[in-house]
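Reader: I am in my first year and still learning how to read a fold, so could you take me slowly through one part of this model, the turn between two paired strands, and then show me how the rest of the chain is arranged around it?

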Amino acid sequence: STATRTTGERTMKIEEYAAMRGKYPMPEDAVAVGTAADRETGDLVAIGVVTRRKTYARTGYVCQKDAPAELHACACALLELIQDMPVIKTVLLKPEDICAKLTDAPPEKLLRLSTLCLAALRQTLNACLTELDDID
């Protein structure tokens, strides 16, 4: 059986966001890199951040070679979301915030991948905050 996408009124911006992957290469001068992996699916994402004045100045990511478009889309949506955001606000982000950029009714898979991307970003938090202490 072929799975049909009944989008109807719901817009899915997976392809649109996945196509932005070129905008977010891993920064070579990242102050912190966080990684997260889903053991069940084999999905893997690493997010690198460069901060300036306690906000995210530049960010980028990498994921496994055969990563689904949804993972690229979630990573790009998250990185777009945190651009110029104060680092400390990261703790307030929810997977739903990422999904909201992609669709109004996220399927389970999307929530899972958004959670994965958020986990990778949260890993950078400690390094960013300790790094900031050194600067200030």
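Author: In the hairpin of strand 1 and strand 2, 6 residues lie between the strands, and among the residues of this hairpin G42 takes a positive phi near 80°. Please keep in mind throughout that this is a predicted model. The two strands that the hairpin connects, strand 1 and strand 2 (residues 44–52), run antiparallel and are joined by 6 bridges. Two of the pairings can be followed residue by residue: T35 has A46 of strand 2 as its bridge partner, while A36 has V45 of strand 2 as its partner. In general, strands of a sheet pair through backbone hydrogen bonds, and the pairing may be parallel or antiparallel.

Strand 1 (residues 32–37) also has two faces that you can tell apart, since A32, G34 and A36 belong to a covered face, whereas V33, T35 and A37 belong to an uncovered one. Of the two residues whose partners were named above, A36 therefore sits on the covered face and T35 on the uncovered face.

From the hairpin you can move outward to the sheet, in which 3 strands in the order 1-2-3 form an open arrangement with antiparallel pairing. Strand 1 and strand 3 (55–63) are its edge strands, each of them pairing on one side only. On average, and with direction ignored, neighbouring strands of this sheet are turned by 20° against each other. Helix 2 packs on the sheet, where it touches strand 2 and strand 3, and the direction of helix 2 makes about 175° with that of strand 3.

The chain as a whole contains 4 helices and 3 strands, and from the N terminus on its elements run α-β-β-β-α-α-α.

Helix 2 (residues 69–82) also meets helix 3, for their axes come within 9 Å and cross at roughly 105°. This crossing makes helix 2 roughly perpendicular to helix 3, because angles from 65 to 115 degrees are counted that way. On the side of helix 2 the contact is made by A73, C74, A77, L78, E80 and L81, and on the side of helix 3 by D97, I98, K101 and L102.

Which residues of helix 3 (residues 95–102) are buried? They are P95, I98, C99 and L102, and because they cover an arc of only 95° around the axis, they lie on the same side of helix 3. Behind such a pattern is the fact that an α-helix has 3.6 residues a turn, so residues three or four places apart point the same way.

Helix 4 (residues 108–135) contains L111, whose C-alpha is 5.9 Å from that of P95, although the two residues are 16 residues apart in sequence. When residues up to four places away in sequence are not counted, L111 touches P95, E96, C99 and P106.

You may also wonder about the cysteines, and here a search of the whole structure finds 0 disulfides. The sulfur of C117 has its closest cysteine sulfur in C74, at 5.4 Å, which is too far for a bond because a disulfide needs the sulfur atoms within 2.5 Å. C117 counts as buried, because its relative accessibility is 0%, and C128, also at 0% relative accessibility, counts as buried too.

Finally, for the whole chain, 43% of the 136 residues count as buried, and among contacts with a separation of 6 or more, 62% come from residues 24 or more positions apart.

Methods
Residues numbered from 1 in each chain as written. Predicted model: local features only at pLDDT ≥ 70, side-chain atom pairs only at ≥ 80, totals over all residues. Heavy atoms only, no water. Buried < 20%, exposed > 50% of the residue type's maximum accessible area, 1.4 Å probe, protein only. Pairing = 2+ DSSP bridges. Arc of directions from axis to C-beta. Contact = heavy atoms within 4.5 Å. Axes fitted to C-alpha atoms, helices over the stretch in contact; angles between N-to-C directions. Parallel < 35°, antiparallel > 145°, perpendicular 65-115°, else oblique.
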